[in-house]
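Welcome! Please take a moment to look over the sequence and turn the 3D view around before reading on.

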Amino acid sequence: MSKAGGGPGSAPGPTAAAAAAAVQKQKSLLQKADADVSSLVDNFSSLINIARVNDPPVRNSQEVFQMEMRAARMVHAADSLLKLVSELKRTAIFSGLASLNENVDRRIEVLGQQAEGTERMLERIGQEAAASLKELEAHYYSSVVRSPSYD
């Protein structure tokens, strides 16, 4: 019950192209996270600067538009960060699945070996039982008293 390609050392590590792609993806995710956080901070500080507390409550349309624009940019940056977190979770799950698959494969191999060992043991026990039964039959048929007498 051996599995093709399941031996140790049969699966080489990640190729250079895969490693380079992983590094590039990590860099792009970090850059995206930095850009989104910077956008959140910049827009929040601009929003605070526009919203002056000491001024009368009357605002001109330009200030209102700037506040709405900054708030919309903050929402967009926060949404982008949420998507980034979702992508990171998905990546962690799928990369975790690779190691999980390796563990499952190893467990399948161990259980297969145990099953083979159990089958061998049961076969040996069956052979011993058959030999013992033959010996008992030979002893029974060679004995003087084979069946109870009804005299």
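What follows is a short tour of this model, from the overall picture to single residues.

## The overall picture

Start with a reminder: this is a predicted model. How confident is the predictor in the chain? The mean pLDDT is 79, and 75% of the residues reach 70 or more. Residues 1-13 are a stretch to read with care, since their pLDDT is below 50. Beyond near neighbours in sequence, residues 1-13 have five contacts in the model.

Now for the fold. The chain has two helices and zero strands. Helix α1 covers residues 16-50, and helix α2 covers residues 61-142. Try finding both of them in the 3D view before you go on.

## Inside and outside

How much of the chain is buried? Of its 151 residues, 9% count as buried. The chain exposes about 12,500 Å², and carbon and sulfur atoms supply 62% of that area.

Contacts along the chain tell another part of the story. Take the contacts with a separation of 6 or more: residues 24 or more positions apart account for 67% of them.

## Where the two helices meet

Several residues let you see how parts of the chain come together in space. A35 sits in helix α1 and is partly exposed, at 44% relative accessibility. Along the chain, A35 and S80 are 45 residues apart, yet their C-alpha atoms are separated by 9.9 Å.

R70 gives you a second example, this time from helix α2. Its relative accessible area is 22%, so R70 counts as partly exposed. R70 and S39 are 31 residues apart in sequence, with 9.6 Å between their C-alpha atoms. Which residues does R70 touch, leaving aside its neighbours within four places in sequence? R70 is in contact with N43, S46, L47 and I50.

## A buried charge

D36 belongs to helix α1 and deserves a closer look. Which side chain of opposite charge is nearest to D36? That side chain is K32, 4.2 Å away. A salt bridge needs the nitrogen and the oxygen to be within 4 Å, and D36, although buried, has no salt bridge.

D36 does have other company. If you leave aside its neighbours within four places in sequence, D36 is in contact with A77, S80 and L81. You have already met S80, which was paired with A35 in the distance given above.

## Three salt bridges

How many salt bridges does the structure hold? There are three. One of them joins the side chains of K25 and E87, at 3.3 Å from N to O. This pair links distant parts of the chain, with K25 in helix α1 and E87 in helix α2, 62 residues apart. K25 is partly exposed, because its relative accessibility is 38%. E87 is also partly exposed, at 25%.

Another salt bridge is formed by D79 and K83, whose closest N and O atoms are 3.5 Å apart. Why are D79 and K83 separated by about one helical turn? They are four residues apart in helix α2, and that spacing is the reason. D79 is partly exposed, with 34% relative accessibility. K83 is exposed, because its relative accessible area of 55% is over the 50% cut-off.

R124 and E128 also form a salt bridge, with 3.2 Å between the closest N and O atoms. Both residues lie in helix α2, four residues apart, which is about one turn of the helix. E128 is partly exposed, with a relative accessible area of 43%, and R124 is partly exposed with a value of 43%.

## A nonpolar patch on the surface

Finally, look for M121, L122 and I125 in the model. They form a nonpolar patch on the surface, and together they have about 290 Å² of accessible area. I125 lies in helix α2. Is I125 buried, exposed or partly exposed? Its relative accessible area is 41%, so I125 counts as partly exposed.

Definitions and conventions. Residues are numbered from 1 along each chain as its sequence is written. This is a predicted model: local features need pLDDT of at least 70, side-chain atom pairs count only at pLDDT 80 or more; totals for chains, interfaces and linings use all residues. Side-chain values use heavy atoms; hydrogens and water are left out. Buried means under 20% relative accessible area, exposed over 50%, partly exposed in between (1.4 Å probe, protein chains only). Lys and Arg count as positive and Asp and Glu as negative; His and the chain ends are not counted. Contact means heavy atoms within 4.5 Å. Patches are made of residues with over 30% relative accessible area and no salt bridge: like charges are joined within 9 Å, nonpolar side chains (Val, Leu, Ile, Met, Phe, Trp, Tyr) within 5 Å. Accessible areas come from the Shrake-Rupley method with a 1.4 Å probe; for residues, only the protein chains shown count as cover. pLDDT is the predictor's confidence in each residue, from 0 to 100.
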